[in-house]
Every structure is written in structure tokens, then in C-alpha cells.
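User: I'm new to this one and would like a relaxed walk through it. Could you take my questions one at a time?

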Amino acid sequence: MRDQPRKRKLTHNLTSLCGMVLAAFGFITGTALIIIDAQTHFDNPYTGIFTYMVVPAILFGGLLLILVGVLMERRRRKRGDSQEPSLPIINLNDKKQFASLLTIIVVTLLFIAISVVGGYRAFHFTESVEFCGKTCHDVMKPEYTAYKNSPHANAGCTKCHIGPGADFYAKSKLNGLYQVYSTMFNKYSRPIPAPVHNLRPAKETCYTCHWPEKFIGATEMTRTYFRADEENSPWTIQMLLSVGGGGNGHRSAKGIHWHIAGENTVEYIAIDEKRLEIPWVRVTDADGKQTVYQSEENQLTTEEITTAEIRTMDCIDCHNRPTHQFHSPERALNEALTSGQLNPGIPKIKLNGIEALTGKYETEGEALEAIQEILAKAYPDGGPEVESAIAAIQRIYSQNIFPEMKVSWKQYPDHIGHMITPGCFRCHNGEHQNEQGMVISRDCDSCHTIIAQGPGRDITSINTGGLPFKHPEDIDEEWKESRCDDCHEGVPVM
Ligand code: HEC
Ligand code: HEC
Ligand code: HEC
Ligand code: HEC
Ligand code: HEC
Ligand code: HEC
């Protein structure tokens with residue numbers, strides 16, 4: 001074999017050559033970009049995606065091509081030239097070959113080191129709010145906007161959506177790849193479906209910041225409602241919500257957070273996709289005693305119960321909208337009128353605001369223009385007051401309604417409360433009985449105590465003993481029998 005001419009290297013083939021070019025490009029570009037990013041942090045999500053996802057993909061693609069080329073070349077040689085020695089490829093006594101091997105090892109190690117640093121930064125980048133909220137801008141706009149206006153605006157998407165640890169990271173990234181695909185090919189559904197089924201258990205997300213065992217007693221809540229009449233007549237209700245708390249060994253669980261106290265387990269079966277209809281509830285107490293409550297109206301058969309998915313109640317079963325809150329026009333207008341962003345002195349502003357906000361619009365741009373037109377027509381004299389009212393109502397629209405994604409208060413019912421969605425009344429409607437005939441309470445005082453109510457914006461006196469609810473409009477005690485959301489849908493009841 002000695003006298004044979006030197007064999008070409010296995011990497012000397014077109015496929016491997018292409019691979020080398022790609023890999024070199026990826027390596028040099030990637031290194032440069034990572035260094036730049038370390039110095040001046042990229043704000044633009046696309047630069048980040050390019051650096052930490054596209055460039056590494058090119059690099060790995062290149063390396064893969066080199067390998068494929070070598071393997072193909074080897075097979076070719078085996079077939080064509082049986083003389084070709086397949087092993088050993090490298091002769092360590094040959095100084096030149098040894099030097100090449102050393103170079104390859106050093107470069108590989110260097111590459112791995114850089115990949116680790118890059119990978120770490122990539123991990124952080126895909127965790128960032130920019131990545132989650134802005135990359136797929138149109139798709140995530142509703143959730144991102146709502147998040148930015150919520151109590152969790154600084155929490156970070158991943159604190160609730162991924163949580164710590166590698167397993168959920170991998171899961172969410174696989175899921176994320178699918179999301180990137182569906183965004184690129186316009187395959188996502190509008191709106192994005194909720195409930196989110198692969199959300200990490202609340203114990204590993206909400207619990208990293210909140211500790212419900214610590215809640216004690218009641219939280220005060222005051223709301224002013226403005227009627228859709230000439231004067232935008234205000235009506236105020238002040239109440240104490242018995243948030244209570246989970247037991248902590250010293251005292252037993254009580255109040256609203258009783259459901260998720262360590263000592264109790266509340267499980268339920270929902271028969272619809274959005275978990276709004278709950279005919280079956282089971283409570284297991286600290287001693288393991290179980291009590292089942294069934295809806296009188298909608299009894300499930302034993303077979304239906306054994307085949308259904310039984311869900312254990314956690315934070316999300318009430319706080320399903322802790323951060324992506326899309327308020328109804330009624331609530332958003334009431335809040336703006338209360339805070340003074342919208343001047344309640346402008347006649348009929350509530351009614352006109354409702355009309356402007358509830359029109360059928362295809363795009364946000366169209367909606368904002370229509371709001372301008374409707375209000376300019378309603379107040380032909382104009383003036384700075386009207387201008388600022390128009391701006392406030394446009395802002396309400398932009399923060400709560402997203403026609404492109406078909407998102408509004410209607411698509412994502414909030415389970416807290418019971419005014420415009422069934423919420424607590426999914427179970428607490430006085431119709432779920434156990435075997436002894438005891439019901440899950442609908443007693444107004446079991447969750448909150450009204451301490452003041454009546455016309456006007458200012459509360460002059462409070463009654464800590466609690467007041468029976470007075471419905472702001474005379475509806476003949478109807479509210480005692482019907483569910484509030486039978487009439488209230490987020491716009492004034494006409
Ligand atoms: C405080 C916790 C929290 C934070 C922070 C948070 N989310 Fe969510 N998100 C949730 C919960 C809970 C749901 C599930 C709602 C359900 O299942 O009904 C959800 C649902 C979603 C959905 C599904 C559609 C919907 O509205 O239900 C998307 C998309 C989403 N979040 C994106 C984001 C993005 C993007 C960010 C960061 C800008 C973010 N989330 C931050 C808790 C959070
Ligand atoms: C990264 C920490 C963090 C995580 C994770 C988190 N929260 Fe919060 N949450 C906060 C902070 C901080 C506040 C208080 C904000 C304020 O008062 O301005 C808050 C406020 C709240 C409030 C009161 C809101 C209000 O209107 O006053 C609720 C309810 C809540 N969180 C529920 C949840 C739920 C449910 C989850 C899990 C899906 C969750 N949080 C996850 C940090 C977090
Ligand atoms: C049975 C329904 C329910 C469950 C389950 C539930 N909450 Fe609440 N939570 C409420 C209600 C109702 C309030 C009162 C405030 C409101 O209306 O937003 C509240 C208030 C809060 C507040 C604000 C406390 C305050 O003093 O203002 C935080 C924070 C909170 N919950 C976190 C959690 C966390 C974390 C979990 C899960 C461990 C959880 N909640 C489970 C219904 C629930
Ligand atoms: C999945 C069904 C379900 C939902 C939804 C639900 N609850 Fe409950 N709740 C129960 C059951 C079951 C009990 C225990 C009834 C009993 O033992 O008499 C209970 C008990 C309570 C209690 C009394 C706790 C104590 O001190 O003993 C309060 C207060 C309460 N719920 C508030 C709420 C509020 C507020 C909401 C809505 C944010 C809500 N619940 C939603 C099932 C539910
Ligand atoms: C199972 C617990 C529970 C029961 C029973 C209950 N409520 Fe409530 N209610 C709540 C919670 C929780 C809120 C707070 C919702 C929020 O934070 O937006 C609320 C809010 C309200 C509000 C303010 C509505 C809004 O959205 O602005 C009124 C009014 C009210 N309740 C009246 C009643 C009356 C009347 C009854 C009896 C028929 C009753 N509630 C029974 C839990 C309950
Ligand atoms: C039979 C239909 C009906 C039922 C059921 C009903 N309401 Fe009303 N409600 C009305 C009407 C009509 C008005 C006056 C018009 C308006 O302002 O929307 C009103 C007004 C209100 C208002 C004042 C301002 C506002 O937001 O418009 C509150 C608060 C209210 N209702 C709470 C409740 C609560 C809480 C329940 C359930 C316990 C309930 N209502 C059940 C018909 C109903």
C-alpha cells in the first residue's frame with residue numbers, strides 16, 4: 001500500500017464541503033453575535049431568534065452535512081475500491097495526522113464551550129417576556145397587552161407558564177416549536193383556546209410567590225357602578241370579601257381559600273370545554289371522609305362519573321384570569337368613570353361609550369376610527385373634555401378587545417365572582433346536594449359582607465354588621481332566584 005498515491009481525505013466530497021462552509025458561517029456569525037449581545041443586550045426579539053435559534057441551527061446543519069458526506073464517501077469507496085482500508089483511518093505515528101487530530105479536538109472543545117454559553121443564553125432568551133409576548137406579535141397581542149396592565153406585569157410569562165426545572169422546560173419548548181410552526185403557517189386558532197390544558201400545576205407556579213395559608217380575614221372591595229342614563233347615575237357597593245385562608249397547623253382553613261387548604265381536597269367534573277357546567281363535586285377532608293355533591297338539575301350516571309375526567313381544584317379554577325383580564329365594556333367604563341379617566345359629568349357618556357365599544361369591527365384600526373366618529377357625532381360641540389373622553393374610550397377598546405384574534409370578555413369567562421359569568425355559582429348555586437340533602441351554599445353572606453350600598457359615589461356610613469343586598473334596580477327579588485349572569489352580560493341590561 002505504501003507505494004499507492006495518498007488517498008483523498010474522506011471529507012473531500014461536495015456534501016461535506018457544503019457542510020463545512022455552513023458550519024464555518026454559523027460558527028463565526030454566532031460567535032460574533034453572542035459577543036455583541038453580551039456587550040449590548042438585544043431588545044429586538046428577531047435579532048435574538050436569529051442569534052440563538054437560526055444561527056445554531058445552521059451550524060448544526062453544517063456539522064451534520066459533513067458527517068453525512070463522510071459516511072456517503074465511505075460507502076462509495078467500499079463499493080468502488082475494495083483496496084480502501086476502512087480502519088484505521090488515523091495513524092497516530094504520523095506527525096501530520098496527529099496534528100490534525102489535535103486541532104480537531106481543540107476546536108471541538110472550544111465549540112462545545114461556546115455552545116454551552118450560547119445555550120445558556122438561548123435558554124434565558126426564550127424565557128424572556130420579549131420572546132413570549134412580542135415574537136408572535138399578532139397572536140400573543142391580547143395576552144401580552146392584558147399582562148402589561150395587570151398586577152403581574154413584572155412577573156414574567158414563564159413564572160406561570162413554565163416554572164422551574166428542566167422537564168416542563170422541554171415540554172414547553174416542544175409545544176413552543178409547534179406554536180412557531182402554527183404561527184408561520186397561519187394555523188393557529190382565533191382566539192387561542194382556554195383553558196390551557198398543559199399548564200403546570202399551580203403548586204409549582206403561583207405558590208412560588210403566594211402563600212395562601214397566610215391569608216387571614218377579609219379584603220375590602222368598593223365598586224361604583226354608573227347607570228346608562230342621562231346623568232350616568234352612580235351606585236356604590238362596599239363589601240368585605242372573606243378571603244380567609246388555608247389552615248397552617250395552628251388554625252383550620254376558613255373562608256374563600258378553604259378550597260385549596262392542604263387539609264382538604266375539592267374535586268369536580270365539568271361537562272363542557274370551558275369548565276362552566278359542574279354537576280359533580282367531591283370533598284375529602286383531613287380525616288379522609290368524602291362527601292359528594294350532585295346538581296339536582298343535571299344528575300350524572302355512575303358510568304358517566306367513572307369515565308369523566310376528575311379535576312382537583314387549585315388556584316386556576318377560580319383565578320383563571322390572574323393576568324390576562326379582558327374586561328367587559330361595562331366594567332371597564334365603570335372603572336374609568338370611577339378613577340376619573342373618563343369624566344362622569346359628560347351627559348350619557350356611559351351609554352354612548354357602550355355603543356361605541358360594542359360595535360362590530362373587523363380590525364382595531366376600524367374600531368378606533370368608528371369610536372371617534374360615534375362620539376364626535378354624539379357631542380357635536382366637541383371641546384377638550386370630549387377629546388379626552390374619546391381617547392379614554394379608545395384606550396379601553398385597545399386594552400380589552402382584539403378583533404383580529406377574536407378576543408374579548410366573552411371568549412374568556414373569568415371564574416372570580418358571579419356577576420357576568422357563572423363563576424362561584426358553578427357550584428354555589430344552591431342546587432348541589434349531598435346525600436343528607438345539604439347544599440353548597442348560595443347564601444350571600446357566606447363569601448362577603450356588604451357594609452355599605454346605595455346611590456352616589458361617596459360612602460357616608462358603613463355598617464360592619466352587614467346589610468342585606470339591595471339590587472340597584474327594582475327587579476322584584478328576581479336576583480334571589482335567577483343567576484346574575486342570566487341578565488348581566490357585561491353591557492347594561494336593557
Ligand atoms: C400570573 C400568572 C401568568 C402570567 C405572568 C402569564 N400568564 Fe398566560 N395564562 C395564565 C393562566 C392561569 C392561563 C390559563 C387560563 C385558562 O386556562 O383559562 C394563561 C393563558 C395564556 C394563554 C392562552 C389564552 C388565554 O388567554 O387563556 C396565552 C396565549 C398566554 N397565557 C400567554 C402569556 C404570555 C405571552 C405571557 C407574558 C407576556 C403570560 N401569558 C403571562 C397565567 C399567566
Ligand atoms: C413571580 C411572582 C408571582 C407569581 C408566579 C404569581 N404571582 Fe400573583 N402576584 C404577585 C405579586 C407581586 C402581586 C401583587 C401585585 C400588586 O399588589 O401590585 C400578585 C397579585 C396577585 C393577586 C391579587 C390581584 C389583585 O387584583 O390585587 C392574585 C389574585 C394573584 N396574584 C394570583 C396569582 C395566581 C393565581 C398565580 C398563578 C397562576 C400567581 N398569582 C402567580 C406575584 C406573583
Ligand atoms: C375558590 C376560589 C379560589 C381559589 C381556589 C383560590 N382563590 Fe385566591 N381569591 C379568590 C377570591 C374570590 C379572592 C378575592 C379577591 C378577588 O375577588 O379578586 C381571592 C384573592 C386572592 C389574592 C389577593 C388577596 C388579597 O388579600 O387581596 C391572592 C394573592 C390569591 N387569591 C391567590 C391565590 C392563590 C395563589 C391560589 C392557589 C393556591 C388561590 N388564590 C386559590 C378565590 C380563590
Ligand atoms: C368546584 C366547585 C366549587 C367552586 C367553583 C367554588 N366552590 Fe366554594 N365550596 C365548594 C364546596 C364543595 C364547599 C364546601 C361546602 C360545605 O362543606 O358545606 C365550598 C365552601 C366554600 C366556602 C365556605 C368555606 C368554609 O369556611 O367552610 C366559601 C367561603 C366558598 N366556598 C367560596 C367560594 C368562592 C368565592 C368561589 C368562587 C370564586 C367558590 N367558592 C367556588 C365548592 C366550590
Ligand atoms: C360562593 C361565594 C359567593 C356567594 C354565595 C355570593 N357571592 Fe357575591 N361575590 C363573590 C365574589 C368572590 C365577588 C367578587 C368578584 C370580583 O372580585 O370581581 C362577588 C361580588 C359580588 C358583587 C359585585 C359584583 C361585581 O362584579 O361588581 C355583588 C353585587 C354581589 N357579589 C352580590 C351577591 C349577592 C346578592 C349574593 C347572594 C345572592 C352573592 N353575591 C353571593 C362571591 C360570592
Ligand atoms: C332579571 C334580570 C336581573 C338579574 C337576575 C340580576 N340583575 Fe342586576 N340589574 C338588572 C337590571 C335591569 C339593572 C339595571 C340596568 C343596568 O344598569 O344594567 C341591573 C343593575 C345591576 C347593578 C348596577 C349597575 C350595573 O352594573 O349595571 C348591579 C351591581 C347588579 N345589577 C347586580 C346584580 C347581582 C349581583 C345579581 C345576582 C345576585 C343581579 N344583579 C341579578 C337586572 C338583573
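**Around the ligands and the core**

Analyst: Let's begin with ligand 6: one of its oxygen atoms is 3.2 Å from an N or O atom in the side chain of Arg227. Keep in mind that this is a predicted model.

User: Which side chain has an N or O atom 2.8 Å from a nitrogen atom of ligand 6?

Analyst: Ligand 6 has polar partners on its oxygen side, including Glu330, with a polar side-chain atom 3.5 Å from an oxygen atom of the ligand. For a nitrogen atom of ligand 6, the side chain at 2.8 Å belongs to His488.

User: Which helices give two or more residues to the shell around ligand 6?

Analyst: There are 17 residues around ligand 6, and His471, Cys484, Cys487, His488 and Val493 come nearest. By class, they divide into nine nonpolar, three polar and five charged. The elements that give two or more residues to that shell are helix H13 (478-481) and helix H14 (484-487).

User: How many nonpolar residues are in the shell around ligand 5?

Analyst: The shell around ligand 5 holds 21 residues, with Tyr225, His418, Cys444, Cys447 and His448 the closest. Set aside the five polar and three charged ones, and the nonpolar residues number 13.

User: What is the distance from an oxygen atom of ligand 5 to an N or O atom in the side chain of Tyr225?

Analyst: Ligand 5 has a few such pairs. A nitrogen atom of the ligand is 2.7 Å from an N or O atom in the side chain of His448, and an oxygen atom is 2.9 Å from one in the side chain of Arg223. For Tyr225, the distance from a ligand oxygen is 2.5 Å.

User: Which arrangement do the six donor atoms around the iron atom of ligand 2 make?

Analyst: The protein donors here are His152 and His210, each through NE2, at 1.9 to 2.0 Å from the iron. Across the six donor atoms, the angles run from 88 to 180°, so the arrangement is octahedral.

User: How many residues apart in sequence are the parts that His152 and His210 tie together?

Analyst: His152 sits in the loop between helix H5 (137-148) and helix H6 (157-161). His210 is in the loop between helix H7 (166-184) and E1, so the pair ties together parts whose separation in sequence is 58 residues.

User: Where is His324, which coordinates the iron atom of ligand 1 together with His161?

Analyst: Both histidines use NE2 and lie 1.9 to 2.0 Å from that iron. They link distant parts of the chain, 163 residues apart, with His161 in helix H6. His324 is in the loop between strand E6 (311-312) and helix H9 (329-339).

User: Is His324 buried or exposed?

Analyst: Its partner His161 has 37% relative accessibility, so His161 counts as partly exposed. The cut-off for buried is under 20%. His324 comes in at 16%, so His324 counts as buried.

User: Which helix gives the most residues to the largest nonpolar core?

Analyst: That core has 26 residues, and Leu333, Leu342, Ile349, Leu357, Ile371, Ile393 and Tyr397 have the most contacts inside it. Two or more residues come from each of H9, helix H10 (349-357), helix H11 (364-378) and helix H12 (384-400). The one that gives the most, with seven residues, is H12.

Key
Residues are numbered from 1 along each chain as its sequence is written. Chains are lettered from A and ligands numbered from 1 in the order in which they are written. This is a predicted model: local features need pLDDT of at least 70, side-chain atom pairs count only at pLDDT 80 or more; totals for chains, interfaces and linings use all residues. Side-chain values use heavy atoms; hydrogens and water are left out. A residue is near a molecule or strand if one of its heavy atoms lies within 4 Å of it. A polar contact is a pair of N or O atoms within 3.5 Å; within protein, one must be able to donate a hydrogen and the other to accept it, and residues adjacent in sequence count only if both atoms are side-chain atoms. Ala, Val, Leu, Ile, Met, Phe, Trp, Tyr, Cys and Pro count as nonpolar, Asp, Glu, Lys and Arg as charged, and the others, Gly among them, as polar. Donors are N, O and S atoms within 2.8 Å of the metal (3.2 Å for Na, K and Ca); water is not among the atoms, so sites may look incomplete. Four donors count as tetrahedral if all angles lie between 85 and 135 degrees; four count as square planar and six as octahedral if opposite donors are over 155 degrees apart and all others between 65 and 115; anything else is irregular. Helices (H or I, at least four residues) and strands (E, at least two) are DSSP runs, numbered from the N terminus. Buried means under 20% relative accessible area, exposed over 50%, partly exposed in between (1.4 Å probe, protein chains only). A nonpolar core is a set of buried Ala, Val, Leu, Ile, Met, Phe, Trp, Tyr and Cys residues joined through side-chain atoms within 4.5 Å.
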